[in-house]
Amino acid sequence: TCARQSGWCATRARVLRTRTLRVRDGAATAKHLTQLVKCLSPDAPHKVLVVVNPAGGTGRAQKVFERDVAPVFYAANIEADVVVTKAQGDAMERCRLVAAAPQVTYDGVVVVGGDGTLSEVVRGLADGASTLADPEQRLRSIRVAHCPGGTGNACHASVASAGGDVIGSAVDVAYNVARGFSCSMGLVRYEFGERRPPFISFLAMEWGLVADVDLGSEGFRWLGALRTTLAAIWYILRLKRHRATLSWLPCTQPPRKGGLFAASQLPPLGAPLPPPWRTERRDATYQLMMACNVSHVDETTPMAPAAGLDDGAIHLVFTRLRPGFLARVDLIDGFLKLDGGKHIHKRSFQSHRCRALRLLPAAGDDSR
């Protein structure tokens, strides 16, 4: 992922300005300037694949690219192959071909869209890399940047927050790409037994209330970020209860060997879990559960504020409604404090760092 180097802190987004210089020997000056830029930014990309999803969020991704990203790339002399998606799966298929090619033809992929488009890109790159002898090396060799062009833009917000950039600024992202700034981000693999193949994610797994808000507001994407706010109010007032058995492997254990593409080392679903796995009460009642790989779940909500981009941990956040009127007030107050990350300090919210987790919904539970 592309980000500003650590140690920076920004309160305002960058603005691209153009200056015209008159010189006697234009060719010689251009040559020297090119050499100077290479010295200042040795990791700057020469050619990138740009994936634009014009249907993401409020449909502003095309405008964001043309107004904020393309001028920066032009000024930095970065060649950009632009792909405008027309249907779901376009980004995934194109990136699968890029990662599976014998030679990497791009220095990186720039996504102008939402987290769904970025998810397609990441899964496409992982699928393509899995066909090679060293998939881990191929996946690491292709940098990915996320320009905010969707509704939530959680990956962009997490990277910008970690790097000190302004959340919501596509110009900042384009600048970081042009300078070659980068950092590592971990990925998570979710397994679903024999029902479906493993799912690779950079963001989070959501269950209960958050999933209801996300899926229940799909038809109102034209409202932008307001769709999730209104849906959250509606589902909080209704406050459905979901039953499941939740277990996790604490971070006291070392990370598993073999990396993302190795065979699973987790106990099969339904099999007993050995120590030091921890399990909440069987078929306990929850309101929400999120397994976060990054800090933010959208531009304004740091669901797991302590999560790093590559800290080797899944940050498990969940709520269990305790009996009594004051407990319900505490839970609602936690929801109201989500934007500032203060919900973590509420009694109704629990947070754990773990290497792995297992969620088994109870029989008859209609959660999503």
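**Exercise 1. State where Pro276 lies and describe the peptide bond that leads to it.**

Solution. Pro276 is found in the loop between β8 (242-250) and β9 (278-279); strands are DSSP runs of E with at least two residues, helices are runs of H or I with at least four, and both are numbered from the N terminus. The peptide bond from Pro275 to Pro276 is cis, and its omega is near 10°.

The structure is a predicted model, in which local features need pLDDT of at least 70 and side-chain atom pairs count only at pLDDT 80 or more, while totals for chains, interfaces and linings use all residues. Residues are numbered from 1 along each chain as its sequence is written, and side-chain values use heavy atoms, with hydrogens and water left out.

**Exercise 2. Determine the sign of phi for Asn77 and for Asp283, and say whether each residue is exposed or partly exposed.**

Solution. Step one concerns Asn77, which sits in the loop between α2 (61-75) and β2 (79-84). Its phi is near 60°, a positive value in a residue other than glycine. With a relative accessible area of 66%, Asn77 is exposed; the term means over 50%, whereas buried means under 20% and partly exposed lies in between (1.4 Å probe, protein chains only).

Step two concerns Asp283, placed in the loop between β9 and β10 (284-286). Asp283 is not a glycine either, yet has a positive phi of about 55°. Its relative accessible area is 26%, so Asp283 is partly exposed.

**Exercise 3. Trace the salt bridges of Asp333 and name the network to which Asp333 belongs.**

Solution. A salt bridge is a side-chain nitrogen of Lys or Arg within 4 Å of a carboxyl oxygen of Asp or Glu. A search of the whole structure finds 11 of them.

Begin with Lys337: the closest N and O atoms of Asp333 and Lys337 are 3.3 Å apart. Asp333 is partly exposed because its relative accessibility is 24%, and Lys337 is partly exposed at 35%.

Next, take Lys346, whose salt bridge with Asp333 has its closest N and O atoms 2.7 Å apart. This pair links distant parts of the chain, 13 residues apart: Asp333 lies in helix α10 (325-336), and Lys346 lies in the loop between α10 and β13 (349-361). Lys346 has a relative accessible area of 17% and is therefore buried.

Finally, salt bridges with shared partners join Asp330, Asp333, Lys337 and Lys346 into one network.

**Exercise 4. Describe how helices α8 and α9 pack.**

Solution. Two packed helices are described by the angle between their axes and the distance between the axes. Helix α8 (residues 209-216) packs with α9 at an angle of about 130°, the axes being 9 Å apart. Axes are lines fitted to C-alpha atoms, for helices over the stretch in contact, and angles run from 0 to 180 degrees between N-to-C directions. The angle therefore makes α8 oblique to α9; under 35 degrees counts as roughly parallel, over 145 as roughly antiparallel, 65 to 115 as roughly perpendicular and the rest as oblique.

**Exercise 5. Locate Ile233 and decide whether Ile233 is buried or partly exposed.**

Solution. Ile233 lies in helix α9 (residues 226-238). Its relative accessibility is 47%, so Ile233 counts as partly exposed.
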